[in-house]
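Visitor: I am new to this structure. Please take me closely through one part: the place where the chains meet.

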Number of protein chains: 2
Amino acid sequence: MRDSFHGELSKINEILVRMTDLARVAMDSATTALLTSDLRLAEAVISGDAQIDALHRELEERSMDLLARQQPVAVDLRTIIGGLRMVSSLERMGDLARHVATIARMRYPDCAVPADLKPIFAEAAQVADKLVVKTRDVLVERDVSLAAEIAKDDDRMDELHRELFARVLDDNWSHGMEAAIDVTLLGRFYERYADHAVSLARRMVQLVTGVLPTNA
Amino acid sequence: MRDSFHGELSKINEILVRMTDLARVAMDSATTALLTSDLRLAEAVISGDAQIDALHRELEERSMDLLARQQPVAVDLRTIIGGLRMVSSLERMGDLARHVATIARMRYPDCAVPADLKPIFAEAAQVADKLVVKTRDVLVERDVSLAAEIAKDDDRMDELHRELFARVLDDNWSHGMEAAIDVTLLGRFYERYADHAVSLARRMVQLVTGVLPTNA
């Protein structure tokens, strides 16, 4: 029975890893759709979000079932509850990628992002990707030493977010109001996506070490 | 032992209700601070958010302790897990009120919201308040009939959110870029706050009826 219990636990962890992969691909694709005005890709991200939501429900059902049948304690209990918290962040990351794709689709065949701001969004997407890859490593390898790096990546995201505001507020802004609103919202979506990745990693570190890191 | 267990459960419910009250007051105060450029009130909301975060941690600790010591099943288990999910929404609602207050403080002694848009924000705050009061009733009275009303209030919030975008994008917008960005972000904060209140109420209805409502 304990074997099947730990089999169930590792199944739950697999779902978390799978959702992390999907949330990563979703934001990568949403960014490509955004920066290259790729309508089909934007629509694929939007419809693909249902898969993340379905895994969310599956994880919740499996966790409730496991809690009810096996009544785990100590580290097993914390792992299941930790998973239930992490799954909410992953679901939100999927939503945020979908929001980016929705703006890309709304402006098609135009591009929501003015050409001179594309490098900033490309870097924001790159930072988000690095964050998710490291968070995945924390999840799979339980390598808690990555927490400090993750905090640093998140600082860079905050800088990029501020840079976007500065550009929009610059007197030389010549792209009009619609682009200003799009850029403001897009900046927030990337920043929130990164926040959720950081929160995921912190929860995982807490599971492994028993302490919620304050620096990550 | 079962008595003390149900005492613990109702303590957890009390914390949820207390957090709902705090999240409600936080958004009410943040709105007043925003619309009347009240610096002290804005700062009170910002520092007061720590209280919501502390209750969040207290609820999580009590829930974990209860799960580990009593190993509840069926409805008791679902109540505790439901509480852990709801507490995340409440914590985010506190954060969003703090974000509104932060914008109010940042623009002080000016007002972040142009005079002609104040009625829209006043109504958004009113709708948010109605939503939270009804969500609290679902929480306290287990009155699931409120779910449909809550969905209607949320529709009104979405309309107000769209109205804000329309105003900012109107050719007659004369308040400049900074106000446009503030209004865009503020609109999103109120809308997300309402979404979390709706999600709270849905989770509660699910606990009472066993079914997650799709219309609410």
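Guide: Start with the symmetry of this predicted model. A rotation of 180° with 0.0 Å of shift along its axis lays chain A on chain B, at an RMSD of 0.0 Å (a least-squares fit on C-alpha atoms of residues with pLDDT of at least 70 in both copies). The two copies are thus related as by a two-fold rotation axis. In chain A, Q71(A) has the C-alpha nearest that axis, 2.7 Å away. Both copies use the same surface: 100% of the contact residues of chain A recur in chain B.

Now the interface. Here 30 residues of chain A are in contact with 30 residues of chain B (heavy atoms within 4.5 Å). The chains bury about 2600 Å² between them, 69% of it on carbon and sulfur atoms. Buried area is the accessible area, for a 1.4 Å probe, lost on being put together and summed over both parts.

Charged pairs come next. The rule finds four salt bridges across the interface (a side-chain nitrogen of Lys or Arg within 4 Å of a carboxyl oxygen of Asp or Glu). E60(A) forms a salt bridge with R203(B), with the closest N and O atoms 3.4 Å apart.

Which elements of chain A give two or more residues to this side? They are α2 (39–70), α3 (74–107), α5 (146–169) and α6 (176–209), helices being DSSP runs of H or I, at least four residues, numbered from the N terminus. The largest share, 11 residues, comes from α6(A).

Residues are numbered from 1 along each chain as its sequence is written, and chains are lettered from A in the order written. Local features need pLDDT of at least 70, side-chain atom pairs need 80 or more, totals for chains, interfaces and linings use all residues, and side-chain values use heavy atoms, without hydrogens and water.

Definitions and conventions. Buried area is the accessible area (1.4 Å probe) that two parts lose on being put together, summed over both.
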